[in-house]
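Welcome! Let us walk through this structure together, one step at a time, starting with a single residue and ending with the whole chain.

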Amino acid sequence: MAPTDGSAAWDDASMHQIGHIDDFPIGLVIKITIEDRIIGVVRTLQGIYAFGSLCPHQGAPMCSGIVTGTMLASQRNQYIYGLDGLILQCPWHGYEFHLDSGRSVGGVVRGRLPVYETQLRGQEIYVQLTRLRAGSDRPAKSADG
Ligand code: FES
């Protein structure tokens, strides 16, 4: 099936159907295995995200991470919370990673969490195992528009 949103063509051969949308409750990280690779998948109010299972800092199991938001850059004595549902916090040392890009919040971790493209086709979720590269951030999207 070709994408309907004008984005680059999907490589259907590398797309993996991982389940019905109801199998992924909002905010709950689901650990799945595809081709011997463990990835985490989470559905938030902002989209559906897939990521690698190991933290780029010291290898914590990111499927045990917490989906959250973070404090935004702000003036002194201002505390502004944002990006709710777009951040994954590591269970070991608490560093935070953007679910759409895998970059650490504030660039405090040198490496990136691997992230993978997802697609919602009807009510079924698909993941493409090709890692998204830096600068190719794309939110989860629906093939239905
Ligand atoms: S292992 Fe993830 S922040 Fe240290």
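A residue counts as buried if 20 or more other C-beta atoms lie within 10 Å of its own, as exposed if 12 or fewer do, and as partly exposed in between. Keep in mind as well that you are looking at a predicted model.

With that in hand, try Ile-34: is it buried, exposed or partly exposed? Ile-34 has 17 other C-beta atoms within 10 Å, a count that falls between the two limits, so it is partly exposed. You will find Ile-34 in strand 2, which covers residues 30-34. Setting aside neighbours within four places in sequence, its contacts are His-16, Ile-39, Val-127 and Leu-129. Another residue to look for from here is Gln-128: it is 94 residues away from Ile-34 in sequence, yet the two C-alpha atoms are 10.0 Å apart in space.

Now step back to the whole chain. It has ten strands and zero helices, so to speak a run of β after β from the N terminus on. Of the 145 residues in the chain, 27% are buried. Among contacts with a separation of 6 or more, 46% link residues that are 24 or more positions apart.

Next, follow one of the sheets. Strands 5, 6 and 7 make an open sheet in the order 5-6-7, and the pairing is antiparallel. Which strands stand at the edges? They are strand 5 (66-72) and strand 7 (96-98); each has a single partner strand, so one side of each is left without a neighbour in the sheet. On average, and ignoring direction, neighbouring strands of this sheet are turned by 60° against each other.

The pairings can be traced residue by residue. Six bridges hold the antiparallel pair of strand 5 and strand 6, the latter spanning residues 80-89. Here Ile-66 lies opposite Gln-89 of strand 6, and Thr-68 has Ile-87 in strand 6 as its bridge partner. On to the next pair: strand 6 and strand 7 also run antiparallel, joined by three bridges. Gln-89 appears again, this time opposite Glu-96 in strand 7. These two strands form a hairpin with six residues between them, and Gly-94 in the turn has a positive phi of about 80°.

Strand 6 also leads us to the interior. The largest nonpolar core has 25 residues, and Tyr-49, Ala-50, Phe-51, Met-62 and Leu-88 have the most contacts inside it. Two or more residues each come from strand 3 (37-44), strand 4 (47-52), strand 6, strand 8 (115-121) and strand 9 (124-131). Strand 4 gives the largest share, four residues. What does Leu-88 touch, leaving aside its neighbours within four places in sequence? Its contacts are Phe-51, Met-62, Gly-65, Val-67, Phe-97 and Leu-99.

Finally, a word on confidence. The mean pLDDT of the chain is 87, with 84% of its residues at 70 or more. Among the elements, strand 7 has the highest mean pLDDT, 98, while strand 10 (residues 141-142) has the lowest, 52. Over residues 1-8 the pLDDT is below 50, and this stretch has ten contacts in the model beyond near neighbours in sequence.

Note on methods:
Residues are numbered from 1 along each chain as its sequence is written. This is a predicted model: local features need pLDDT of at least 70, side-chain atom pairs count only at pLDDT 80 or more; totals for chains, interfaces and linings use all residues. Two residues are in contact if their C-beta atoms, placed from the backbone, lie within 7 Å. Two strands pair if DSSP finds at least two bridges between them. Axes are lines fitted to C-alpha atoms, for helices over the stretch in contact, and angles run from 0 to 180 degrees between N-to-C directions. A nonpolar core is a set of buried Ala, Val, Leu, Ile, Met, Phe, Trp, Tyr and Cys residues joined through C-beta atoms within 7 Å. pLDDT is the predictor's confidence in each residue, from 0 to 100.
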